[in-house]
Amino acid sequence: MNLNSRLARTFVILALAASSPGIVFGASPQFKPSHPYEDINTIGHRNVGKGTNLYSLESEKKLGEQLAKEVERSSKILDDLVVTEYINRIAQKVAQNSDARLPISIRVIDSDEPNAFTLPAGFQYINTGLILHTESEGELAGVLARGVAHTAMRSSTMEATKGQLMQLATIPLISLGPGGWGAFGTYNGQNLAIPLTYLKFHRDAERAADFFGLQYLYKAGYDPDCLVHFLERGLPQTAKDKNLPQPFSLYPPLPERLENMKKEIAKILPHQNAAIVTTAEFQEIKARLRAQKAKQALNPEPNPGKPSLRKPGDIPPSDLPILVPDCE
């Protein structure tokens, strides 16, 4: 079972059971925000995570902590303070210019897969493969900004809440519907629609992460076009990913995302003369990672498939304590 499968399994068990100092940013004089979320001057004072959520901030923290333990048991965390401090510094800079109400914790996974993900309560992970795939510090900051946006929106627990409420909505079909196999068939028919609707929730959250991530990237002093350029270049895809029908995709169509982001930049993010695109430190970090990868290739770990012993106190996913969601 790979990391994604283990995370998904653990999350289902738990979920179903339960501004840069001295810099002033302003929109162009003729621009008047049509929605509070378009006013970049109020970033940090907007409750972008509002809505029905069965998880309090405290229970979300507990959920995030337990999932983070599973990730760190199952992954090889990069043991390089120079790289991790650099990534953390960028993440905290973005977080300070965001709407996130939970602290951001960033860890680097030593993996060639170009991937990054965000767990509940601000636990972010980024693979060395994705760091090497970025071409500028602005692109790297953009990836982290989208993760910060998911934390600000509380995407994970909001989606878990929607999933639980959708399951609860099918209960009357059993108690009030026709008896026998008819009721069972109706219930199954309703359940078939739940995964597709849930995926739509996820796609909507990804659209919002693009929207807010661009703003946080901009407010932190970076050129927001960097995130657009990163997405335009794209990530390596398998044939399965390319052939996946849109209703089953976790992300909106890329052309749609790029068009929306370009419109947002033109409308509410005026040009900054001193916007950061990249730095010499970024190139040094990439060179450092490349050197480490080359060394690993020359000296591969012995018995890479050998199972590891469980440490005292480790809890397998199936034995994780049940976390009951509560209302704030």
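Leucine 119 sits opposite phenylalanine 123 of strand 3. That pair is a handy way into this predicted model. From there, we can look at the sheet, then at the helices lying on it, and finally at how two helices meet.

**The sheet**
- Strand 2 and strand 3 (residues 123-127) run antiparallel, and four bridges join them.
- The sheet is an open one with three strands, in the order 1-3-2, and its pairing is mixed.
- On the edges you'll find strand 1 (105-109) and strand 2 (116-119), each of which pairs on one side only.
- Going from one strand to the next, the twist averages 20°.

**Helices on the sheet**
- Helix 2 (residues 57-74) lies across strand 1, strand 2 and strand 3, and runs at about 25° to strand 3.
- Helix 3 packs on the sheet too, touching strand 1 and strand 3. The direction of helix 3 makes about 140° with that of strand 1.

**Helix 3 meets helix 5**
- Helix 3 (residues 81-95) packs with helix 5 (residues 137-153) at an angle of about 60°, and their axes are 9 Å apart. That angle makes helix 3 oblique to helix 5.
- The crossing of helix 3 past helix 5 is right-handed.
- On the helix 3 side, the contact is made by Tyr86, Ile87, Ile90, Ala91, Val94 and Ala95. Helix 5 brings Glu137, Leu140, Ala141, Leu144, Ala145 and Val148 to the contact.
- Sorted by class, the contact between these two helices has eleven nonpolar residues, one charged residue and no polar ones.

Definitions and conventions. Residues numbered from 1 in each chain as written. Predicted model: local features only at pLDDT ≥ 70, side-chain atom pairs only at ≥ 80, totals over all residues. Heavy atoms only, no water. Axes fitted to C-alpha atoms, helices over the stretch in contact; angles between N-to-C directions. Parallel < 35°, antiparallel > 145°, perpendicular 65-115°, else oblique. Left-handed = near helix turned anticlockwise from the far one by under 90°. Contact = heavy atoms within 4.5 Å. Nonpolar A, V, L, I, M, F, W, Y, C, P; charged D, E, K, R; others polar. Pairing = 2+ DSSP bridges.
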